[in-house]
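Here are some friendly notes to read alongside the model. They are arranged as numbered points, beginning with a single residue and working outwards.

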Amino acid sequence: MKIDKPALRAHIRATRDAFVASNPPPIKVPDAFTARLSHGLTVTSYVPMGSEADPYPLARAAVEAGCVLALPHVTVRSEPMRFLSWDTEATLEAGPFGLSQPAANAIELRPDIILTPLLAFDAKLDRLGQGAGYYDRAFARFPEAWRIGVAWSIQQVEELPVEPWDEPLHAVVTEQGWITR
């Protein structure tokens, strides 16, 4: 059976919006995540948009462990997303698609851990994103980076269509806990 990605994206967005309106508990930092952190690692986070799960607790744990933070920076769809250094006190700029991102002249960093937003995930830790391919291309560009999805538990689906370029996540963290394969 072929899954209609646009319809699935619309359904998950609506489900996620309703779930967030119910005031769910925040994402808690799992011990398995903290165990991966060490001084000097680069952890990429993101500023959530709409009803996306907020990675703030994970980013905070990374800073407390001495990690360096970076955020995605996007210009146009044809250009790859870059991960730029970000100090938590630094002002962010408006980017395309409603993104909040570091200034274009911030230092580009190579990520060790990529915290990634998503629309849906399955038990195999396949991920369905917004459809622009930015994170898929980043995963291919940084294959050694540990890929962690940050989501609400209601975003888990039975199965997702997988394209040849899709890379599964290493883990997903939700308000209910830590999920690995």
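1. Let us start at Thr116, which is buried, with a relative accessible area of 0%. Please keep in mind throughout that this is a predicted model. Thr116 belongs to strand S6. Its side chain makes a polar contact of 3.3 Å with the side chain of Arg127. Setting aside neighbours within four places in sequence, Thr116 is in contact with Tyr46, Arg127, Tyr135, Phe139, Ile148, Gly149, Val150 and Leu169.

2. Three of those contacts, Ile148, Gly149 and Val150, lead to strand S9 (146-150). Is S9 enclosed or open to the outside? Five of its five residues are buried, so S9 is largely enclosed by the rest of the structure. Trp146, Ile148 and Val150 point one way from the strand, while Arg147 and Gly149 point the other way, and all are buried. It is worth turning the view to see both faces.

3. Which strands pair with S9? S6 and S9 run parallel and are joined by four bridges, with Ile113 standing opposite Trp146. S9 and S10 also run parallel, joined by three bridges, and here Gly149 stands opposite Val172 in S10.

4. Now for the whole sheet. It is open and has seven strands in the order S3-S2-S1-S6-S9-S10-S11, with mixed pairing. Strand S3 (82-85) and strand S11 (177-180) are the edge strands; each has a single partner, so one side of each is left without a neighbour in the sheet. From one strand to the next, the twist averages 25°. Strand S1 (residues 42-44) pairs with strand S6 (residues 113-116) in the parallel sense over two bridges, and Val43 stands opposite Ile113 in S6.

5. Two helices deserve a look against this sheet. Helix H3 (residues 56-64) packs on it, touching S1, strand S2 (68-73), S6, S9 and strand S10 (171-174), and its direction makes about 140° with that of S2. Helix H4 (residues 134-141) also packs on the sheet, touching S2, S3, S6 and S9, and its direction makes about 170° with that of S6.

6. Which residues of H4 are buried? They are Tyr134, Tyr135, Asp136, Ala138 and Phe139. The cover over the buried residues of H4 includes S2, S3, S6, strand S8 (127-128) and S9. Tyr135 and Phe139 also appear among the contacts of Thr116, which ties this point back to the first one.

7. On the nonpolar interior: nonpolar side chains tend to be buried together in soluble globular proteins. Here the largest nonpolar core has 41 residues, of which Phe33, Leu37, Val43, Phe83, Ile113, Leu115 and Val150 touch the most other members. The elements giving two or more residues to this core are H3, S2, S6, H4, S9 and S10. Val43 is a good one to click on: not counting residues up to four places away in sequence, Val43 touches Leu37, Ala62, Cys67, Val68, Leu69, Ala70, Ile113 and Leu115. There is also a second, separate core of seven residues, including Ile12, Ala120, Leu128 and Leu160.

8. Turning to charged pairs, how many salt bridges does the structure hold? It holds six. In one of them, Arg82 meets Glu108, with the closest N and O atoms 3.7 Å apart. Arg82 lies in strand S3 and Glu108 in the loop between strand S5 (100-101) and S6, so the pair ties together parts that are 26 residues apart in sequence. Arg82 counts as partly exposed at 24% relative accessibility, and Glu108 counts as partly exposed at 33%.

9. Glu108 also forms a salt bridge with Arg141, the closest N and O atoms being 2.7 Å apart. This pair links distant parts of the chain, with Arg141 in helix H4 and Glu108 in the loop between S5 and S6, 33 residues apart. Arg141 is partly exposed, with a relative accessible area of 35%.

10. One further salt bridge joins the side chains of Asp126 and Lys124 (3.6 Å, N to O). What is the burial state of each partner? Asp126 is buried, with a relative accessible area of 11%, whereas Lys124 is partly exposed at 45%. As for Arg82, Glu108 and Arg141, salt bridges that share partners join them into one network.

Technical notes
Residues are numbered from 1 along each chain as its sequence is written. This is a predicted model: local features need pLDDT of at least 70, side-chain atom pairs count only at pLDDT 80 or more; totals for chains, interfaces and linings use all residues. Side-chain values use heavy atoms; hydrogens and water are left out. Two strands pair if DSSP finds at least two bridges between them. Axes are lines fitted to C-alpha atoms, for helices over the stretch in contact, and angles run from 0 to 180 degrees between N-to-C directions. Contact means heavy atoms within 4.5 Å. Buried means under 20% relative accessible area, exposed over 50%, partly exposed in between (1.4 Å probe, protein chains only). A salt bridge is a side-chain nitrogen of Lys or Arg within 4 Å of a carboxyl oxygen of Asp or Glu. A nonpolar core is a set of buried Ala, Val, Leu, Ile, Met, Phe, Trp, Tyr and Cys residues joined through side-chain atoms within 4.5 Å. A polar contact is a pair of N or O atoms within 3.5 Å; within protein, one must be able to donate a hydrogen and the other to accept it, and residues adjacent in sequence count only if both atoms are side-chain atoms.
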